[in-house]
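Q: Please take a close look at the second largest pocket of this protein. Describe what lines the pocket, then follow the elements around it to the ligand and on to the rest of the chain.

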Amino acid sequence: MSRIAYVNGRYVRHGDAAVHIEDRGFQFADGVYEYFAVFGGRLADAEGHLERLWRSLAELRIAPPMSEAALGVVLHETIRRNRVRDGAVYLQITRGVAHRDHAFPNPTPSPTVVVTAKPVNYAIEAAKAEHGASVISRPDNRWGRCDIKTVGLLPNALAKQAAREAGAQEAWFVDEMGLVTEGASTNAWIVDANGALRTRDTNANILRGVTRKTLLALAEDAGISVSQKPFTIAEAQAAREAFITAASAFVMPVVRIDGVAVGDGVPGPVSRRLRALYLASARANAR
Ligand SMILES: Cc1ncc(COP(=O)(O)O)c(C=O)c1O
């Protein structure tokens, strides 16, 4: 079965799907995106992702191309046409097509909307979580608006490549104060040497991760208090546990940071428990 993509109102073969060469997403990274996990053909954390999408669009002053309800129909139809049960959906919206000029085009073009869906073998992802991931640290060289989920991801892509070349799976960005901000495509957490669960607060220059937000609520419900107090790489290396969160990773234990084993060098009990809690909740609440 061939893959199908949604492009500006049409469902087309993935191989034929295209946007114009003067799309502002292509020329200026002038666009936003979301990535949703899919369970049983339904969207995980749908509300959180759509809420953040609307905020990202508003921050860039891109008018929503359709209502939230209509967008929901497109997302589900793309899932259906690709026969995805468990997998992921990618959505990108750019300011649209216009002659190249840095300032916003006048008249305002229609936004470009692209949706793709793919199956993911979550059994393989679960096996990866049993081993845990390695991370490296990199200086945070991104712009000052990482709270907007834009497609301008070059520093993130370069950091991820550096991780791959170092035999690691993720890179953690470290700001000028020596504090971890977040991963190249994940939020960063530790269970510190005193047993406190910690992740960076959203006043810092980080993405307000939807998985992070859901997990904060789940941890609270489970009686696990979370401190939104920043940490250094040295603190993370000396922590009992570390993990990362994202719609693409859920809760993934981190077992090495810059070559130093975290705790016993294997996924710890808090990370494992939070992963199970998150997955149970995300599957139950997918819609
Ligand atoms: C830089 C960055 N931080 C954090 C996240 C995690 O966000 P979410 O949990 O909403 O997937 C992502 C996800 O793409 C990301 O790109």
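A: The second largest pocket holds about 500 Å³ of space; the model is a predicted one. Its lining is made up of 19 residues, and those lying nearest the centre of the pocket are Glu47, Gly48, Val210, Lys213 and Thr214. Three helices, H2, H6 and H8 (269-285), each give at least two residues to this lining. H2 has the largest share of the lining, with six residues. Sorted by class, the lining of this pocket has 10 charged residues, six polar ones and three nonpolar ones.

Just before H2 there is a backbone feature to note. Aspartate 45 sits in the loop between strand E4 (42-43) and H2. The phi angle of aspartate 45 is near 50°, which is a positive value in a residue other than glycine.

The ligand can be described from its neighbours. There are 19 residues around the ligand, and Arg52, Lys149, Glu182, Val210 and Thr211 come nearest. Val210 therefore appears in two lists, as a residue with an atom within 4 Å of the pocket's grid points and as one with an atom within 4 Å of the ligand. Divided by class, the shell around the ligand has nine polar, six nonpolar and four charged residues.

Polar contacts to the ligand come from both backbone and side chain. A polar backbone atom of valine 210 is 2.8 Å from an oxygen atom of the ligand. At threonine 211 a polar side-chain atom takes part, 2.6 Å from an oxygen atom of the ligand. Alanine 247 brings a polar backbone atom to 2.9 Å from a ligand oxygen atom. The ligand taken alone exposes 390 Å², and the protein buries 93% of that area. Two or more residues of the ligand shell come from each of helix H2 (46-59), strand E9 (180-183), helix H6 (210-221) and strand E13 (241-246). H2 and H6 thus contribute to the shell around the ligand and also to the lining of the second largest pocket.

E13 leads on to the closed spaces. The count of cavities of 30 Å³ or more comes to two. The largest cavity contains about 40 Å³ of space, and E13 and strand E14 (250-257) each supply at least two residues of its lining. The residues that line the largest cavity are Arg240, Glu241, Ala242, Pro253, Val254, Val262, Val266, Pro267, Gly268 and Ser271. By class this lining has six nonpolar, two polar and two charged residues.

The second largest cavity has a volume of about 30 Å³. Glu125, Ser248, Ala249, Phe250, Met252 and Arg275 line the second largest cavity. These residues divide into three nonpolar, two charged and one polar.

One further backbone feature concerns a proline. Asparagine 106 and proline 107 are joined by a cis peptide bond, with omega about 5°. Proline 107 belongs to the loop between strand E5 (87-94) and strand E6 (112-119).

As for the chain that carries these parts, its secondary structure comes to eight helices and 15 strands. The protein chain has a radius of gyration of 19 Å, close to the 19 Å that the globule rule gives for 287 residues, so the chain is as compact as a globular protein of that length. Along the principal axes, the C-alpha trace of the protein chain spans about 55 × 40 × 35 Å.

Notes
Residues numbered from 1 in each chain as written. Predicted model: local features only at pLDDT ≥ 70, side-chain atom pairs only at ≥ 80, totals over all residues. Heavy atoms only, no water. Polar contact = N/O pair within 3.5 Å; in protein donor to acceptor, adjacent residues only side chain to side chain. Areas by Shrake-Rupley, 256 points an atom, 1.4 Å probe, with all protein chains shown as cover. Helix = DSSP H or I, 4+ residues; strand = E, 2+ residues; numbered from the N terminus. Nonpolar A, V, L, I, M, F, W, Y, C, P; charged D, E, K, R; others polar. 1 Å grid on protein atoms, 1.4 Å probe; cavity = no way out; pocket = protein on both sides within 12 Å on 5 of 7 lines; lining within 4 Å. Points joined across faces, edges and corners; volume = space filled by probe spheres on them. Rg over C-alpha atoms; globule rule 2.2 N^0.38 Å.
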